[in-house]
Amino acid sequence: MRNIVYISCFSLLFLLASFTPVGKTDYKVRRVVIDAGHGGKDPGTHGVISQEKEVALAIALELGEIIKKNLPDVEVIYTRKDNTFVELEERANIANRSGADVFISVHCNAIGNPEVHGTETYIMGLHVNKQNLAVAQRENSVILMEDNYEQKYEGFDPGSPESYIMFSLMQNAHMENSLRLADNVENQFKNRVGRHSRGVKQAGFVVLWQTTMPSILVEVGYLTNQKEERYLNDDLGKTYIASGIFRAFRDYKAEIESMN
Ligand SMILES: [Zn+2]
């Protein structure tokens with residue numbers, strides 16, 4: 001008898017749950033955290049005429065302005081608005097604390113071969129080749145400038161390839177949406193901005209690992225390629241890049257909200 005009561009209760013709850021309009025929660029993308037890579041004592045990489053921290057900040061600020069102007073229902077939060085040093089953990093914390101719906105980190109790439117150029121957008125995951133690993137290693141190496149990085153990042157050693165194996169075990173709950181946004185960004189760069197898109201890639205970026213929402217890291221171009229460095233230091237070039245990321249975000253927001 002008791003079992004029947006339990007089963008009935010469960011059935012009733014199940015029925016109620018299935019009738020609850022779960023899909024009509026009206027989820028909106030309301031808050032975006034824009035993260036200008038590096039800053040302060042960490043210049044990031046550099047070219048002949050510029051440092052990554054300056055280029056990333058200029059594009060991040062412009063992206064935020066375009067979002068505010070065109071999507072007034074979206075709150076824009078920056079991890080830095082000037083030349084300050086912000087630890088990777090704190091960048092992720094800012095996004096997590098604010099309950100952000102999207103995290104966009106802006107960086108510039110670098111490599112020994114000056115011919116290499118183009119954009120890459122990363123989502124969290126295990127790298128499939130040494131080149132992707134090298135990008136993550138370079139971007140993660142900043143934690144060596146932080147106090148107690150061994151404790152803060154659970155023994156993670158940015159220089160050791162073995163350290164990156166843990167990313168193969170990690171299931172990222174937001175992988176699908178991160179990939180959707182990353183795809184939008186590279187499509188915009190390729191089809192609208194006229195950049196050479198090197199595609200969407202995966203690697204173990206500490207800052208993406210620690211955020212708890214769809215997150216991407218955009219490498220907007222190579223400062224080690226002279227032509228690309230000039231483009232990224234040109235006002236119009238920066239505006240084109242920021243506008244491309246904006247349209248990718250706007251489309252992502254529309255796609256996600258249309259699923260309600
Ligand atoms: Zn960087």
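Where does Ala92 sit? Ala92 is in helix H3 (residues 88-97), and here helices (H or I, at least four residues) and strands (E, at least two) are DSSP runs, numbered from the N terminus. What you have here is a predicted model, where local features need pLDDT of at least 70, side-chain atom pairs count only at pLDDT 80 or more, and totals for chains, interfaces and linings use all residues. Residues are numbered from 1 along each chain as its sequence is written, and side-chain values use heavy atoms, with hydrogens and water left out.

**Overall picture**

- The protein has 10 helices and 6 strands.
- Of its 260 residues, 50% are buried; buried means under 20% relative accessible area, exposed over 50%, and partly exposed in between (1.4 Å probe, protein chains only).
- Take the contacts between residues at least 6 apart in sequence: 80% of them join residues at least 24 apart. Contact means heavy atoms within 4.5 Å.
- The accessible surface adds up to about 12800 Å², and carbon and sulfur atoms account for 55% of that. Accessible areas come from the Shrake-Rupley method with a 1.4 Å probe, and for residues only the protein chains shown count as cover.

**Zinc site**

- The zinc ion is coordinated by His38 (NE2), Glu52 (OE), His107 (ND1), Glu139 (OE) and Glu139 (OE), at 1.9 to 2.5 Å. Donors are N, O and S atoms within 2.8 Å of the metal (3.2 Å for Na, K and Ca), and since water is not among the atoms, sites may look incomplete.
- Along the chain, the zinc donors follow the spacing H-x13-E-x54-H-x31-E.
- His38 and Glu139 link distant parts of the chain, 101 residues apart: His38 is in the loop between strand E1 (31-36) and helix H2 (52-70), while Glu139 belongs to helix H4.
- Both His38 and Glu139 are buried.

**Helices packed on H10**

- H2 and helix H10 (residues 235-258) have axes that come within 9 Å and cross at roughly 50 degrees. Axes are lines fitted to C-alpha atoms, for helices over the stretch in contact, and angles run from 0 to 180 degrees between N-to-C directions.
- That makes H2 and H10 oblique to each other; angles under 35 degrees count as roughly parallel, over 145 as roughly antiparallel, 65 to 115 as roughly perpendicular and the rest as oblique.
- H2 passes H10 in a right-handed crossing. A crossing is left-handed if the near helix is turned anticlockwise from the far one by less than a right angle, and right-handed if clockwise.
- Residues making the H2-H10 contact include Ala58, Ile59, Leu63 and Ile66 of H2, and Ile241, Ala242, Ile245 and Phe249 of H10.
- Helix H7 (residues 175-191) packs on H10 at about 140 degrees, with the axes 8 Å apart, so H7 is oblique to H10.
- The crossing of H7 past H10 is right-handed too. Among the residues in contact are Leu181, Val185 and Phe189 of H7, with Ile245, Ala248, Phe249 and Tyr252 of H10.
- Helix H9 (residues 226-233) meets H10 at an angle of about 85 degrees, with the axes 5 Å apart, so H9 and H10 are roughly perpendicular to each other.
- On the H9 side, Tyr231, Leu232 and Asn233 meet Asp235, Gly237, Lys238, Tyr240 and Ile241 in H10.

**Two buried residues**

- Ala92 is buried, at a relative accessible area of 0%. Leaving aside its neighbours within four places in sequence, Ala92 touches Val207, Gln210 and Thr211.
- The C-alpha atoms of Ala92 and Asp35 are 9.1 Å apart, with their positions 57 residues apart along the chain.
- Tyr164 is in the loop between H5 and H6 and counts as buried at 0% relative accessibility.
- Beyond its neighbours within four places in sequence, Tyr164 has contacts including Leu126, His127, Leu133, Phe156 and Gly204. The C-alpha atoms of Tyr164 and Gly204 are separated by 6.3 Å, although the two are 40 residues apart along the chain.

**Positive phi in loops**

- Most residues other than glycine have a negative phi.
- Asn148 has a positive phi of about 50 degrees although it is not a glycine. Asn148 lies in the loop between helix H4 (130-140) and helix H5 (149-152) and is exposed, with a relative accessible area of 52%.
- Glu154 also has a positive phi, near 55 degrees. Glu154 lies in the loop between H5 and helix H6 (166-169) and counts as exposed at 65% relative accessibility.
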